[in-house]
Amino acid sequence: VATNMAGRGTDIRLADDVLTAGGLHVIISEPHAAARIDRQLAGRCGRQGDPGTVRLFLASDDDVFRLAYGDQKAESIASWPNNRMAEARLRLQVKHAQRSIRQLHRRQRYQLSISEAQIAADMRQIGLDPHLDRVSHDFF
């Protein structure tokens, strides 16, 4: 069982019977908003040259679609038929959704840095050191 964060420097040592059975099998039951997390989880199955497999399950009503596209388009995706063609389109939509969310997070980080720079400039203007003086955010 894994969460959406892969291990940090800890490899899973496989017993001999697990190795002969094919290694560790990782099941990803829902795509994460960040494709990087999905790749980290998938990478857990083949550490140190051990055998392993990974399986990703997709559903048209996964939260990644709501985050990326909003409720209306997510509902539209959820109504797609369940066939091979829809599966291929769904995989493509996951990639697009993850890219969209990554760009959204990048814009949010940029806006936050601008806001923090403005607060620091305002603090300097009134004679405070933004790195040393703590000021309530309600002040600004």
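**Entry 1: Asp 50**

I started with Asp 50, which is partly exposed because its relative accessible area is 24%, between the 20% limit for buried and the 50% limit for exposed. A reminder to myself before going on: this is a predicted model. I placed Asp 50 in the loop between H2 and S2. Next I looked up its neighbours, leaving out residues up to four places away in sequence, and found that Asp 50 touches Ile 12, Leu 14, Leu 19 and Cys 45. I also checked Asp 50 against Leu 24: the two are 26 residues apart in sequence, and their C-alpha atoms are 8.3 Å apart in space.

**Entry 2: the chain as a whole**

I stepped back to see the overall layout. I noted 5 helices and 2 strands in the chain. Reading along the sequence, I wrote down the pattern α-β-α-β-α-α-α. Buried residues come to 21% of the 140 residues in the chain. For contacts between residues at least 6 apart in sequence, I noted that 62% join residues at least 24 apart.

**Entry 3: the two strands**

Which way do S1 and S2 run, parallel or antiparallel? I found that strand S1 (residues 24-28) and strand S2 (residues 52-56) run parallel, joined by 5 bridges. Leu 24, which I had met beside Asp 50 in my first entry, stands opposite Gly 52 in S2. I then found Ile 28 opposite Leu 56 in S2. With H2 added, S1 and S2 make a β-α-β unit, and I noted that this unit is right-handed.

**Entry 4: an aromatic pair**

I looked for aromatic pairs and found 1 in the structure. Phe 65 and Tyr 69 form this pair, and their rings are stacked, 6.4 Å centre to centre with 15° between the planes. Both residues belong to helix H3 (residues 63-69), where they sit 4 residues apart, about one turn of the helix. I added a general note here: an α-helix has 3.6 residues a turn, so residues three or four places apart point the same way.

Are the two partners buried or exposed? Phe 65 counts as buried because its relative accessibility is 0%, while Tyr 69 counts as partly exposed at 22%.

**Entry 5: charges over rings**

I stayed with Tyr 69 a little longer. Lys 73 lies over the face of Tyr 69, at 4.4 Å from the ring centre. I found another such arrangement at Trp 80, where Arg 89 lies over the ring face at 3.9 Å from the centre.

**Entry 6: helix H5**

What span should helix H5 have? I worked with its 42 residues (84-125): at 1.5 Å a residue they should span 62 Å, and the end C-alpha atoms are 62 Å apart, so the two values agree. I then listed the buried residues of H5, among them Ala 86, Leu 90, Val 94, Ile 101 and Met 123. Gln 93 and Gln 98 are on that buried list too. Where do the buried residues of H5 pack? I found them against helix H2 (35-43), H3 and helix H4 (71-78). That brought me back to H3, the helix of Phe 65 and Tyr 69. Last of all, I looked past the end of H5 and noted Gly 127, whose phi is positive, near 90°.

Definitions and conventions
Residues are numbered from 1 along each chain as its sequence is written. This is a predicted model: local features need pLDDT of at least 70, side-chain atom pairs count only at pLDDT 80 or more; totals for chains, interfaces and linings use all residues. Side-chain values use heavy atoms; hydrogens and water are left out. Rings of Phe, Tyr and Trp (its six-membered ring) pair if their centres lie within 6.5 Å; planes under 30 degrees apart count as stacked, over 60 as edge-to-face and the rest as tilted. Buried means under 20% relative accessible area, exposed over 50%, partly exposed in between (1.4 Å probe, protein chains only). A charge sits over a ring if NZ of Lys or CZ of Arg is within 6 Å of the ring centre and within 35 degrees of the ring normal. The expected span of a helix is 1.5 Å times one less than its number of residues. Contact means heavy atoms within 4.5 Å. Two strands pair if DSSP finds at least two bridges between them. A crossover is right-handed if, with the strands pointing away from the viewer, the path from the first strand over the helix to the second runs clockwise.
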